Amino acid sequence: MSILTLFVVIPALMLLGLWLAKSLNQVRGVMVAGASCLLALSVWLTIYFIQRRAAGNTDVMLLVASTPWFKPLNIAYSVGVDGISVVMLLLSSIIVFTGTFASWQLKPLTKEYFLWFTLLSTGVYGFFICTDMFTMFMFYEVALIPMYLLIGVWGSGKKEYAAMKLTLMLMGGSALLILGILGIYYFSGATTMNVNEIAAMHNIPVEIQKIFFPFIFIGFGVLGALFPFHTWSPDGHASAPTAVSMLHAGVLMKLGGYGCFRVAMYLLPDAAYELAWIFLILTTISVVYGAFSACVQTDLKYINAYSSVSHCGLVLFALLMMTKTSCTGAILQMLSHGLMTALFFALIGMIYGRTHTRDIRYLDGLMKIMPFLAVGYVIAGLANLGLPGFSGFIAEMTIFVGSFENADTFHRVATIIACTSIVITAVYILRVVGKILYGEVKNPHYLELTDATWDERVAVICLIACVAGLGLFPLWASNVISDAVGPILANII
């Protein structure tokens, strides 16, 4: 058994522990112990991967293992990781760890909440370690289904509507995915559903590729907030509880970009090359539209949700540019945005828990009342608008430099248009920071509010450290990702 299976076994043991837990302290203990083990495992895996690379190991995919599961359809439990998978597992474990502390005071039904939260994270981990298409799809569904209950039961606002809308739209994307996966399997003539083995065969006719590429790309693109299939995202984020918003925007949406690159573009390279311009137009719209939409919102969660549409649009935009630099930037953006948006949603949830409003028209002077949370929000905002020294700057600069490497007019015009999102992002970030943090406290009830508790400080400090750490020391991540991007691009171009 590969050590990667621990990413599924540990959450399974957490589920068992939560089910047996009899008190709130036991529930919290199980979550902290499990999340800490997963974080330690992902950190060890990252270090192991970097060391193997430094030692001159040329194998892109490591810790590979496969066990037959359903032989009539050649389905196997196949696992393996490359640099992209490794950084996504690291991101997931950081968000699960900090999300646990962000949910420390959540009531009621704390035990049930953490059960569904852990099941959601199980699907995420399983998706990133699997290399069999069907098993990936299974874990993909496991990651999506708990969202309905997590939002519908523990959410706020129009939570039933948001939960239903999110579930139906993502299930629609799943229907496209299963059709695309079956199409790839049958028309490739493969005796396996292993992604790497099918890619090596490279024998699907171009006409067939053109039929199934939109199925796969749109199917994953729905989760990646591809325009115009993004409308579930703002409502879902706005209604979800804090840690669910963190995991949803920080990790779950990354399944979309990962799947588009790993499955759609890798297995259907000729169609990806010929049809990329269509989806490039849609992703350019996502980038600019999301940023402009964030400018006109008054709800803090909606502002961050539309910001996520813009930043996740950049991921798909960079992947479709199909240069090694832009694709490396896309994965860096997935990592960077996951950390930044988790920090944002954590802080918004903490502010909402005290003020009972997310409307920026009724928030003011918070810097004087809760300086720790306010400073954290300023840091998150500066990272989001791409200030040098934070992860957002490294990711976006890599994307735009790599995208501009395409010498033709179409790609360069699209890059210039996408670049305008930087200015628009600065507008809404500075507007919100100035409105809610500075100035006089107009609501006298706010003077009675308290600053962050110890558990909230743990979550915020960890995320700030990761955002700053990636911004100041990005080379390790860039090198690991670049090594994994190369073979996939070589199959396309």
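# Notebook: pockets, cavities, a patch and salt bridges

I began with the lining of the largest pocket, to which helix 3 (83–102), helix 5 (133–154), helix 10 (242–252), helix 14 (324–355) and helix 19 (454–472) each bring at least two residues. The model I am reading is a predicted one.

**Entry 1. The largest pocket.** I looked up the volume and found about 520 Å³ of space in the largest pocket. Which helix gives the most to this lining? Helix 14 does, with 6 residues. I counted 28 residues in the lining as a whole, and those nearest the centre of the pocket are Ala102, Leu106, Thr242, Gly349 and Gly353. Sorted by class, the lining of the largest pocket comes to 14 nonpolar, 8 polar and 6 charged residues.

**Entry 2. A residue of helix 5.** Helix 5 is on the list of pocket helices, and I picked threonine 135 from this helix. Is threonine 135 buried or exposed? Its relative accessible area is 1%, so I noted threonine 135 as buried, the limit for that being under 20%. I also took a distance from threonine 135 to alanine 330: their C-alpha atoms are separated by 25 Å, and the two residues are 195 apart along the chain.

**Entry 3. Closed space.** Rolling a probe the size of a water molecule over the atoms shows where empty space is left. I found 5 cavities of 30 Å³ or more in the structure.

The largest cavity holds about 70 Å³ of space. I listed its lining as Leu300, Ile303, Asn304, Ser307, Phe344, Ile348, Tyr377, Asn384, Tyr428, Ile429 and Val432. Which helices supply at least two residues each to this lining? I noted helix 13 (300–321), helix 14, helix 16 (371–384) and helix 18 (409–437). Helix 13 gives the most, with 4 residues. By class I had 8 nonpolar and 3 polar residues around the largest cavity, and no charged ones. Helix 14 thus turns up in two of my lists, as a supplier to the lining of the largest pocket and to that of the largest cavity.

For the second largest cavity I noted a volume of about 60 Å³. The residues that line this second cavity are Ile198, Ala199, His202, Asn203, Ile204, Gln209, Tyr266, Leu267, Pro269, Asp270 and Asn491. Helix 7 (195–201), helix 11 (254–267) and helix 12 each supply at least two of the lining residues. The classes here are 6 nonpolar, 4 polar and 1 charged.

**Entry 4. Helix 12 and the surface.** I came back to helix 12, residues 269–295, for its part in a nonpolar patch, to which this helix gives the most, with 5 residues. The patch lies on the surface and is formed by Trp277, Ile278, Ile281, Ile285, Tyr289 and Phe410. Together these residues have about 510 Å² of accessible area. I checked one of the helix 12 members, isoleucine 285. Isoleucine 285 has 33% relative accessibility and therefore counts as partly exposed, a class that lies between buried (under 20%) and exposed (over 50%).

**Entry 5. Salt bridges.** Side chains of opposite charge can pair when their charged atoms come close. How many salt bridges does the structure hold? I found 8, and wrote up three of them below.

In the pair of arginine 358 and aspartate 299, the closest N and O atoms are 3.1 Å apart. Arginine 358 sits in the loop between helix 14 and helix 15 (366–369) and aspartate 299 in the loop between helix 12 and helix 13, so this bridge ties together parts that lie 59 residues apart in sequence. I checked cover for each partner: arginine 358 is buried at 11% relative accessibility, and aspartate 299 is buried at 19%.

Aspartate 359 bridges to arginine 361, with 2.6 Å between the closest N and O atoms. Here the partners fall in opposite classes: aspartate 359 counts as buried at 13% relative accessibility, whereas arginine 361 counts as exposed at 51%.

The third pair I looked up is glutamate 440 with lysine 368, whose side chains meet in a salt bridge at 3.3 Å, N to O. This bridge links distant parts of the chain, with glutamate 440 in the loop between helix 18 and helix 19 and lysine 368 in helix 15, 72 residues apart. I noted both glutamate 440 and lysine 368 as exposed.

Technical notes. Residues are numbered from 1 along each chain as its sequence is written. This is a predicted model: local features need pLDDT of at least 70, side-chain atom pairs count only at pLDDT 80 or more; totals for chains, interfaces and linings use all residues. Side-chain values use heavy atoms; hydrogens and water are left out. On a 1 Å grid over the protein atoms alone, a cavity is a set of points where a 1.4 Å probe fits but cannot get out, and a pocket is an open set with protein on both sides within 12 Å along at least five of seven lines; lining residues have an atom within 4 Å of a point. Grid points are joined across faces, edges and corners, and a volume is the space filled by probe spheres set on the points. Ala, Val, Leu, Ile, Met, Phe, Trp, Tyr, Cys and Pro count as nonpolar, Asp, Glu, Lys and Arg as charged, and the others, Gly among them, as polar. Patches are made of residues with over 30% relative accessible area and no salt bridge: like charges are joined within 9 Å, nonpolar side chains (Val, Leu, Ile, Met, Phe, Trp, Tyr) within 5 Å. Accessible areas come from the Shrake-Rupley method with a 1.4 Å probe; for residues, only the protein chains shown count as cover. A salt bridge is a side-chain nitrogen of Lys or Arg within 4 Å of a carboxyl oxygen of Asp or Glu. Buried means under 20% relative accessible area, exposed over 50%, partly exposed in between (1.4 Å probe, protein chains only).
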